[in-house]
Amino acid sequence: MTTSFNEQFDQLGTWRREFALRLKLLAEWMKDNELLDAAVEERLLRLGTQVRSDKVMVAFVAEFSRGKSEMINAVFFAGYGRRIMPASAGRTTMCPTEMGYDADVPPCLRLLPIETRLQPQALMEWRMAPEKWTRIDLDVNNPQQLASALEKVAETRKVTQDEARALGFWHSQAPEDNPMVDAQGMVEVPKWRHALINIAHPLLKQGLVILDTPGLNAIGAEPELTVSLIPQAHAVVFILGADTGVTKSDLSIWREHLVCEADSPDSRLVVLNKIDTLWDDLSSPAQIDAQIDRQISSTAEILGIPRDRVIAVSAQKGLVAKVTEDEELLQRSCLPVLEDALGRGMMGKRQRILAQAMAAGITDLRGETARVINIRKRDLTEQMMELKGLQGKNTTVIKHMRNRISQEQAEFDLGGAKIHAVRSVHLKLLREVFSILGSTALKKEMSQLSAALLQRGLKLGVKRAYGETFDRLRANLQKVQTLCGEIQSMLAATFRQLNGEHGFSLQAPAEPQMAQYLSDLNMVERSHIQYLGIGNAFKLAQPEFADRLVRALSSRLRSIHEMALSDVELWSKSAAAQLDAQLRERRRNFSRRIEAIDRIQQAAGGLEDRIQDIDQQEAALSQIELKLIELTDYLIAANQAPSATSVDVEFA
């Protein structure tokens, strides 16, 4: 039997916890051996935080009544022995729902009222205002209470057509997408704008985040979904009905919100759900299989994806099979095939990215630490040569040696002015980088775009304004790359000079690359451009929608800029800390040499004792070097094989 998605995720969660523990032990060992400078400590902290708290978001996207909630129940919550997410006939999940785990928040369901759409704040801003959400505490040990509480995500309310229009659910230009009008002229809309579920489910505790989205009308009315949440999901499961295939509204969601040329094929998975509707007693198993096979081929052709990215399942039968432990029904539902694709394929991509980041971080850390050890070993070698040169010499020679060391120390201290000048230039260029990527510059860009979007009437030139904004943002990142190149050249030249003059082993760290952030910008632009076509001209004419659009965009761009700045800051700290460490070691070496000479002058046996002491220090340093290689080799190897029980399962 295939290992289930839950079991794969659990195995790899164990690996993450063990890896984080090993990192902590490495940090403690380095601190005990005086190898933990500020940059190394921050690098270890970042690696530890990343491996412990790295989130994996799986977004389930579909039109209404395609079985999204039942799919989530079957894959993630069958262990409760019942449905947890509401999955009855008709519309169930009426608002976007995120399920995750935050240890600082008690188990609860938080619901954001739909009326907040009438206010300008973006969803990210509302997250910072917990008092505006309706909160319902959850008892994770009581499946009945849990399921009953979660039914609230399906709640609706009746509003007038004007209210529905203001909330983004009524469009005169697209009457086919509008909700039904009842006898009193009222229409039904979701009661909640967004739902956050915080429960200590084993998978959620290990970093899984599940995003359940409602249908096309709701997705298009919430810009932050399409600009931020869905594009940032590591895996997107697009669910269709096996009986209906690709409908017009399904195709609209796919084309407008899910197709992105930058995405890896592994990040999109199409599921034909409800194959049990095709299980016909009047048809033979071969005929049923042929019918399902035709639907898979047709779906792949219409959506323009490889056939192996389409999986046909029955979530409902899979859930029943898991609850009743019916292995035959489980295999017939094909749910294990979907779980395998999620665990080994889509999650594998995220695991490879995380593993590469961990291995690169550990390798850099080992290189920085090894340079400090080599400086210490070289200093001990110099001391040994000096002391052996004093064997059999008189007091005058020893005194002369002390004066020479003091003179070397004075000359070395005079070189500090040159280092200070280099740091001044370095900081000046860094300030320029920070000003380009800082919040003030971004607010200025967004205010210009906002002015264009908030003009009255149809905004025929808005696409050009968008294009110009993103062109400037890309130019800013390219300018940052140029500045980083200038800093890198200056550091490399200075480090070469210091290495030559003082025997240092400085090596400029690799400069940060803006290519990933340029790619992120392009992705955001593509996900946003859908709103700027003729079809959305009337929606854009609504000031409140245009304002939400700009706020959602600003939130996403701010995140990109902050990550780029974080990379630049860590790079700068690594270079500065490396220089500080070697300066500190050299000054400490001068002190040790002078102290050794003083001890020799004061005691006749001091010379031999000091030579023996240095021998012991060299042996201890060799042991430290071997231990560093051993500890870091383990961590690098752990990334290549995360779990002995699931070597080919890769996880983020």
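What share of the contacts in the protein chain with a separation of 6 or more comes from residues 24 or more positions apart? In this predicted model, such residues account for 82% of those contacts. The legends below begin with the whole chain and continue with close-up views.

**Figure 1. Overview of the protein chain, with its 22 helices and 11 strands.** The predicted model comprises 652 residues in the protein chain, of which 51% count as buried. Aromatic pairs in the structure number 4, and two of these pairs, Phe60 with Phe76 and Tyr466 with Phe470, are shown in later views.

**Figure 2. The aromatic pair of Phe60 and Phe76, which joins strand β1 to helix α3.** The pair belongs to a set of 4 in the structure. The ring centres of Phe60 and Phe76 are 6.0 Å apart and the ring planes stand at 90°, over the 60 degrees required, so the arrangement is edge-to-face. Because Phe60 is part of strand β1 (residues 56-61) and Phe76 is part of helix α3 (residues 68-76), the pair ties together parts that are 16 residues apart in sequence. Phe60 has a relative accessible area of 0% and is buried. Phe76, at 2% relative accessibility, is buried as well.

**Figure 3. Helix α3, a mostly covered element.** Of the 9 residues in α3, 9 are buried. Lys68, Ser69, Glu70, Met71 and Ile72 are among them, as are Asn73, Ala74, Val75 and Phe76. The last residue named, Phe76, contributes its ring to the edge-to-face pair with Phe60.

**Figure 4. The aromatic pair of Tyr466 and Phe470 within helix α18.** Here the ring centres lie 6.4 Å apart, and the planes of Tyr466 and Phe470 meet at 20°, which is under 30 degrees, so the pair is stacked. Both residues belong to helix α18 (residues 462-502), where a spacing of 4 residues separates them by about one helical turn. Tyr466 and Phe470 are both buried.

**Figure 5. Packing of helix α17 against helix α18.** Two packed helices are described by the angle between their axes and the distance between the axes. For helix α17 (residues 439-453) and α18, the angle is about 170° and the axes are 9 Å apart. This angle is over 145 degrees, and the two helices are therefore roughly antiparallel to each other. On the α17 side, the contact involves Leu442, Glu445, Met446, Gln448, Leu449, Ala452 and Leu453. These residues meet Val462, Ala465, Tyr466, Thr469, Arg472 and Leu473 of α18. Sorted by class, the contact of α17 with α18 consists of 9 nonpolar, 2 polar and 2 charged residues.

**Figure 6. Packing of helix α18 against helix α19.** The axes of α18 and helix α19 (residues 515-529) are 10 Å apart and form an angle of about 175°. Helices α18 and α19 are therefore roughly antiparallel to each other. From α18, the contact draws on Lys463, Tyr466, Gly467, Phe470, Leu473, Arg474, Leu477, Gln478 and Gln481. From α19, it draws on Ala515, Tyr517, Leu518, Leu521, Asn522, Val524, Glu525, His528 and Ile529. By class, the contact of α18 with α19 has 10 nonpolar, 5 polar and 3 charged residues. Tyr466 takes part in this contact and also in the contact with α17.

**Figure 7. Arg332 over the face of Trp279.** The distance from Arg332 to the ring centre of Trp279 is 3.9 Å.

**Figure 8. Surroundings of Gln121 in the loop between β3 and α4.** The loop that holds Gln121 runs between β3 (108-113) and α4 (123-127). Gln121 has a relative accessibility of 26% and counts as partly exposed. Not counting residues up to four places away in sequence, Gln121 touches Trp126, Arg193 and Arg551. The C-alpha atoms of Gln121 and Arg548 are 6.9 Å apart in space, although 427 residues separate Gln121 and Arg548 in sequence.

**Figure 9. Two loop residues with positive phi, Glu34 and Glu325.** Glu34 is not a glycine, yet its phi is positive, at about 55°. It is placed in the loop between α1 (5-32) and α2 (38-53), and its relative accessibility of 52% makes Glu34 exposed. Glu325, likewise not a glycine, has a positive phi of about 55°. The loop containing Glu325 lies between α12 (315-324) and α13 (327-333). With a relative accessible area of 72%, Glu325 is exposed.

Methods. Residues are numbered from 1 along each chain as its sequence is written. This is a predicted model: local features need pLDDT of at least 70, side-chain atom pairs count only at pLDDT 80 or more; totals for chains, interfaces and linings use all residues. Side-chain values use heavy atoms; hydrogens and water are left out. Rings of Phe, Tyr and Trp (its six-membered ring) pair if their centres lie within 6.5 Å; planes under 30 degrees apart count as stacked, over 60 as edge-to-face and the rest as tilted. Buried means under 20% relative accessible area, exposed over 50%, partly exposed in between (1.4 Å probe, protein chains only). A charge sits over a ring if NZ of Lys or CZ of Arg is within 6 Å of the ring centre and within 35 degrees of the ring normal. Axes are lines fitted to C-alpha atoms, for helices over the stretch in contact, and angles run from 0 to 180 degrees between N-to-C directions. Angles under 35 degrees count as roughly parallel, over 145 as roughly antiparallel, 65 to 115 as roughly perpendicular and the rest as oblique. Contact means heavy atoms within 4.5 Å. Ala, Val, Leu, Ile, Met, Phe, Trp, Tyr, Cys and Pro count as nonpolar, Asp, Glu, Lys and Arg as charged, and the others, Gly among them, as polar.
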